[in-house]
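User: I would like to go through the labels used for this model and see what each one rests on. Please set the values against the cut-offs where the reasoning needs them.

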Amino acid sequence: MQFLAIVGRVTLAAFAALGRLAIFAGKALGHLARPPIDVQNIVQQMLSIGYFSLPVVGLTALFTGAALAQQIYVGSSRFNAESTVAAVVVIAIVRELGPVLGGLMVAGRVSSAMAAEIGTMRVTEQIDALVTLSTDPFKYLVVPRLIAGVVTLPMLVIVANIIGVFGGFLVATQTLGFNPGNYLQTTMDYLEATDVASSLVKAAVFGFIIALMGSYHGYHSSGGAQGVGRATTDAVVSAFILILFANLVITIVVFRS
Amino acid sequence: MSAPAKIALKGLAKRFGQKVVLDGVDLEVAEGESLVVIGGSGTGKSVLLKCIIGLLRPEAGEVRIDGQETRRMSAAERKAQMAKFGMLFQGAALFDSLPVWENVAFGLLRAQRMKKRAAREIAIEKLSRVGLDAAVAELYPAELSGGMKKRVGLARAIAAEPEIIFFDEPTTGLDPIMSDVINNLIVECVRDLGATTITITHDMVSARKIAHNIAMLHDGRIIWHGPKEAIDRSGNPYVDQFIHGRAEGPIKMAVRAG
C-alpha cells in the first residue's frame, strides 16, 4: 500500500505541475494577443537573449562544425566516400546541430538568468508591487521575454548554421585538402529549403521554451535565496529536456518519409 | 445610516494547504481612518493585507471597498479598484533595474501613461516630500540604505495619490530614530492626502504614533479592536501580553513554523 501511495502522490504532483504550467502558458499567450505590447522591454530582452548570446553560440557552432567535418572525413574514407563531407556537414548542422546546440547554449545562459531575475522579484515582493501599481506582471515581465525568445532564436540559429558550416569548411579546406570552390558548391547543392525552414521552426519553438521555462520557474519560486537557486536549476534542466524532446517531435513530423 | 465603511471585511478566511491563516476576520475601517493591526510574527497580518488588496484570493468571506464586493468584480473593475490603492512593502520592494525616480513614477508612467518629463517632476516632488533630494532620483535601489529604500517606497506608494494606503511593517529593520522619521512621514502623508490606511506592525511605538484605532490579530481572528487610547486598559490578557512584550501569558509562541 505504501508503494501505491507514493506512486499516487508522485503522479498527482506531476499532473499538478503540468496543469500549473499549462495555465501559465495559456495566460501568457492570452496577453500576447492583447495590446498594449511593451516594445521597449522587448527590445531590451532581444538584446540580452540574442546579441549577448552571439559569442557563445558562434563558438559552439564553429567548433562543432569543424569536429563534425573531421569525423565524417575519417568515417567516410573507410568507404571511399570522402566527397560526402560537405553534404553531411551542412545537413547535420542546419537540420539538427545548429538549432539544438544553439538552443541549449542559449537555454543555459538565458533561462537561468530569467529565472533568477524573476524569482528574486517574486521573493522580494517586487511582483506584488507591480500589481499594486496597476501593472500586470505577465504583460511587463513574461510577454516581452516570450516575444523576444521566439523572434531572436531563429536569427541566432541562422548565424549558428552559417558559422557551423564555415567551421566544417575550414577544416575540410585547410587540413583535409578539399577544394574550396567544390566544397561550397556541394554544400549549396545539398542544402534544401525544407532544411532551413525546419531549422527556423525549431529555433522559434526553442526560443519559446527557453523564455517560458525561465519565466515560469522564476514566477513560481518561493522561499528566499534557496528557492531562487532551485528555480534557476529547474529552469535550465526543464528547458534542456523540453528542447531535446521538441526537437525529436519536429524532426519526426518534418522528416517522416 | 452613515456612509458605508471605506473597507469592510466579513468572515474573511484564507488557508495555505492544511494551515489556516485567517479564520473569519471581521473588520471595518472608516474613510480617513488610520487602523494599525498588531499581532505576533506569522499570525497572518501580511496575508490579511494581501487578501484585501487582491494579491491573494481568500477562500471565503467578503471584502468590500466603498461598499463594493471585490470578489465578483470583472478584470476591468478590479483594475479600477487597484488604482485606489498604494502599498509600502516590508522590504520596500523597489525595482532593482530602474533608477529611483522611475520607481516612484512607475504607476504614473505605466498605468496612467504619463509623459516622462511630467512623471519625473512628480517623482522628484514626492521624493522631496519624504525628505530625499533630487540627486537621489538618479541612483539605483542597490545604492540606497534601508531607511532610504523605505522612503522611496513610501514616495512610490503616495505618487498616484491613492485613497487607501497599506503599510507592511514600515519600521521593521530600522533604527529607532529612522523609525520615528518614517512614522512622522506616514502621519504627515496620510493627513495631507486624507487617505484611509491600514498599517501592520509589531512595533508598539510605531502603532501608538500612527494609529487612530488598533486591532489585534491572533489565531486568524481579530481578538480586540478599539481606539488606541483604550489599548492600555483593554482588559484582554492577549493584548496586554503583546503590548508589554512578555514571554509569559496566554499567547504561546510556536518555536517552529508551520
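**Labels and their grounds**

User: Where is the place of Val110(A)?

Analyst: Val110(A) sits in helix H4 of chain A, residues 85–123. The model is a predicted one.

User: Why is Val110(A) called buried?

Analyst: The relative accessible area of Val110(A) is 5%. Buried means under 20%, so Val110(A) is buried. Not counting residues up to four places away in sequence, Val110(A) touches Ser48(A), Ile49(A), Ser53(A) and Ile210(A). Ile250(A) is 140 residues from Val110(A) in sequence, and the C-alpha atoms of the two are 23 Å apart.

User: What makes Gly67(B) partly exposed?

Analyst: The relative accessible area of Gly67(B) is 32%. Buried requires under 20% and exposed over 50%; Gly67(B) therefore counts as partly exposed. Gly67(B) belongs to the loop between strand S4 (60–65) and strand S5 (68–69) of chain B. Apart from neighbours within four places in sequence, Gly67(B) is in contact with Pro4(B) and Ala5(B).

User: Why does Lys14(B) count as buried?

Analyst: The relative accessibility of Lys14(B) is 9%, and the cut-off for buried is under 20%, so the label holds for Lys14(B). Lys14(B) lies in strand S1 of chain B, residues 7–16. With neighbours within four places in sequence left aside, the contacts of Lys14(B) include Val20(B), Leu22(B), Cys51(B), Arg57(B) and Glu59(B).

User: What is the order of the strands in the sheet that contains S1, and why do two of them stand at the edges?

Analyst: The order is S2-S1-S4-S5 in chain B, an open sheet with antiparallel pairing. Strand S2 (19–29) and S5 of chain B each have a single partner strand, so one side of each has no neighbour in the sheet. S1(B) and S2(B) run antiparallel and are joined by eight bridges; two strands pair if there are at least two bridges between them, so S1(B) and S2(B) qualify as a pair. In S2(B), Val29(B) is the residue opposite Ile7(B). Helix H1 of chain B (residues 45–53) packs on this sheet and touches S1, S2 and S4 of chain B, with its direction at about 120° to that of S1(B).

User: How many strands are in the sheet that includes S3, and what is their order?

Analyst: That open sheet of chain B has six strands in the order S6-S7-S8-S3-S9-S10, and its pairing is mixed. Strand S6 (85–88) and strand S10 (221–227) of chain B are its edge strands, each pairing on one side only. From one strand to the next the twist averages 15°.

User: How do you know that the pairing there is mixed?

Analyst: S3 (residues 34–38) and S8 (residues 196–201) of chain B pair in the parallel sense over five bridges, whereas S9(B) and S10(B) run antiparallel with six bridges. In the former pair Ile38(B) stands opposite Thr201(B); in the latter Ile214(B) stands opposite Gly226(B). S9(B) and S10(B) also make a hairpin with two residues between them, and Asp219(B) in its turn has a positive phi of about 55°. Helix H9 of chain B (residues 237–244) lies across S3, S9 and S10 of chain B at about 105° to S9(B).

User: Which residues touch the most other members of the largest nonpolar core?

Analyst: In this core of 75 residues they are Ile7(B), Leu9(B), Leu22(B), Val25(B), Ile52(B) and Phe166(B). Helix H6 of chain A (residues 137–174) gives the most to the core, ten residues. A separate core has 48 residues, among them Ile186(B), Met204(B), Met216(B) and Ile243(B). Leaving out residues up to four places away in sequence, Ile7(B) touches, among others, Ile52(B), Ile164(B), Phe166(B) and Ile198(B). In soluble globular proteins, nonpolar side chains tend to be buried together.

User: Why does the radius of gyration of chain B agree with a compact globule?

Analyst: A compact globule of 258 residues would have a radius near 18 Å, and chain B has 18 Å, so the two agree. The C-alpha atoms of chain B fill a box of roughly 55 × 45 × 40 Å along the principal axes. Buried residues are 51% of the 258 in chain B. Of the contacts in chain B between residues at least 6 apart in sequence, 64% join residues at least 24 apart. Chain B has nine helices and ten strands.

Conventions: Residues numbered from 1 in each chain as written. Chains lettered and ligands numbered in written order. Predicted model: local features only at pLDDT ≥ 70, side-chain atom pairs only at ≥ 80, totals over all residues. Heavy atoms only, no water. Helix = DSSP H or I, 4+ residues; strand = E, 2+ residues; numbered from the N terminus. Axes fitted to C-alpha atoms, helices over the stretch in contact; angles between N-to-C directions. Contact = heavy atoms within 4.5 Å. Buried < 20%, exposed > 50% of the residue type's maximum accessible area, 1.4 Å probe, protein only. Rg over C-alpha atoms; globule rule 2.2 N^0.38 Å. Core = buried A, V, L, I, M, F, W, Y, C linked by side-chain atoms within 4.5 Å.
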